[in-house]
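Hello,

I am passing a structure on to you, as you have not worked with it before. Please open it first; my notes on what was found follow below.

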Amino acid sequence: MRIEDVTTETVRPVRRSVLVQRWSDLAFLHWAIDPALVAPLLPAGTVPDTLDGVTYVGLIGFRMVGLGFLRGPGVPYLGTFCETNVRLYSVDHQGRRAVVFLSLDAERLLPVLTARASLRLPYMWSRMRMTRSGDVLNYTSRRRWPAPRPATNRMTIQVGEPVETPSALDHFVTARWGLHTRAWGRSLHLPNEHPRWPLRHADLLDLDDSLVTAAGLPEPLGAPASVLYSPGVPVTFGTPDVLRD
């Protein structure tokens, strides 16, 4: 199996749009983790994607804006909300790199129910807020439903200078052109595409989190290996296909 290169723009353009949205004001926090610890949490037909022998767990806070079906427009009110997800990095037997979500906390109940029913994505309904004062952003989350509870997050970052020359790790944890999930007894790959990430350095000022441990992972030790910010990108998702186990 040849694993596809990490590329700043997709080499697999979405042919048929099923969802459009914009991800805005993203805080990317990542810690290195042993691939053996995360392998049992991935869908059948995938294995941990690694960089220099390790993989990563990501804690990502952002605002979903203008979620809509096909090519849009976005659904008023219900299509815009805060979200914080815990994710891992995977590769399938076709060599496609992707992400695997262990949890996605979001503040709108209807999108949560829709995503859980359609693709069995582990969306959780939470009380959430994101605020910004100058270059300081604060993200908070408290899970309402379903269990495990309590599962909370509070993180504050300060946005720094643009990332002029992204590192291999910067690309590894952001340049992902699909997600892997397990739904209806099958492992699926759901492709996406968006412009190249505009990335900025960031400092983590405060973190109090139980989302990572609620997702079944050990509590991260020490400072994150990477803290990044992006003002965001428009995103298109295509139709899923079934993986070979």
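Subject of these notes: salt bridges and other local features

The count of salt bridges comes to ten. Please keep in mind that this is a predicted model.

**Salt bridges**

Side chains of opposite charge can pair when their charged atoms come close. Three of the pairs are described here.

One of them joins R97 and D49, whose closest N and O atoms are 2.7 Å apart. R97 belongs to strand β5 (residues 97–106), while D49 sits in the loop between β2 (46–48) and β3, so the pair ties together parts that are 48 residues apart in sequence. R97 is buried, at a relative accessible area of 13%. D49 is buried too, at 2%. This pair belongs to a wider arrangement: D49, R97 and R176 are linked in a network of salt bridges.

Another pair is R96 with D241, and here the closest N and O atoms are 3.2 Å apart. Since R96 lies in the loop between β4 and β5 and D241 in strand β13 (residues 241–242), this salt bridge ties together parts that are 145 residues apart in sequence. R96 counts as buried, with 9% relative accessibility, and D241 counts as partly exposed, with 26%.

A third example is the salt bridge in which the side chains of D5 and R2 meet, at 3.5 Å from N to O. R2 counts as exposed, at 60% relative accessibility.

**A buried acid without a partner**

Which side chain of opposite charge is nearest to D209? It is R143, 8.2 Å away. A salt bridge requires a side-chain nitrogen of Lys or Arg within 4 Å of a carboxyl oxygen of Asp or Glu, so a distance of that kind does not qualify. D209 is therefore a buried residue that has no salt bridge.

D209 is found in strand β11 (residues 200–209). Its side chain does have polar contacts with the backbone. It reaches the backbone nitrogen of L211 at 3.2 Å, and a polar atom of the D209 side chain lies 3.1 Å from the backbone nitrogen of V212. Leaving aside residues up to four places away in sequence, D209 touches L59, T152 and N153.

**Y89 and its surroundings**

Is Y89 buried or exposed? It counts as buried, at 0% relative accessibility. Its place is in strand β4. Not counting residues up to four places away in sequence, the residues that Y89 touches include H30, V47, P48, T55, Y56, G58, A98, V99 and F172. D49 and R176 are also among its contacts, and both of these take part in the salt-bridge network with R97 described above. V173 is touched as well, and the side chain of Y89 reaches the backbone oxygen of V173 at 3.3 Å. As for V47, its C-alpha is 8.5 Å from that of Y89 in space, although the two residues are 42 apart in sequence.

**Backbone geometry**

Most residues other than glycine have a negative phi, and most peptide bonds are trans. The following places depart from that.

Two cis peptide bonds can be pointed out. One joins W145 and P146, with omega at about -10 degrees. The other joins A147 and P148, with omega at about 5 degrees. P146 lies in the loop between β7 (136–145) and β8 (152–162), and P148 is in the loop between β7 and β8 as well.

Positive phi values occur at L70 and R120. Phi of L70 is near 55 degrees, and phi of R120 is also near 55 degrees. R120 is placed in the loop between α2 (109–119) and β6 (123–133), and counts as partly exposed at 41% relative accessibility.

**A nonpolar patch**

L70 comes up a second time on the surface. Together with F69 and V75 it forms a nonpolar patch there, with about 290 Å² of accessible area for the three together. L70 lies in the loop between β3 (55–69) and β4 (81–92). It is exposed, with a relative accessible area of 53%.

If you look at one place first, I suggest the group of D49, R97 and R176, which are linked in a network of salt bridges; Y89 touches D49 and R176.

Best regards

Terms used. Residues are numbered from 1 along each chain as its sequence is written. This is a predicted model: local features need pLDDT of at least 70, side-chain atom pairs count only at pLDDT 80 or more; totals for chains, interfaces and linings use all residues. Side-chain values use heavy atoms; hydrogens and water are left out. Patches are made of residues with over 30% relative accessible area and no salt bridge: like charges are joined within 9 Å, nonpolar side chains (Val, Leu, Ile, Met, Phe, Trp, Tyr) within 5 Å. Accessible areas come from the Shrake-Rupley method with a 1.4 Å probe; for residues, only the protein chains shown count as cover. Helices (H or I, at least four residues) and strands (E, at least two) are DSSP runs, numbered from the N terminus. Buried means under 20% relative accessible area, exposed over 50%, partly exposed in between (1.4 Å probe, protein chains only). Lys and Arg count as positive and Asp and Glu as negative; His and the chain ends are not counted. A polar contact is a pair of N or O atoms within 3.5 Å; within protein, one must be able to donate a hydrogen and the other to accept it, and residues adjacent in sequence count only if both atoms are side-chain atoms. Contact means heavy atoms within 4.5 Å.
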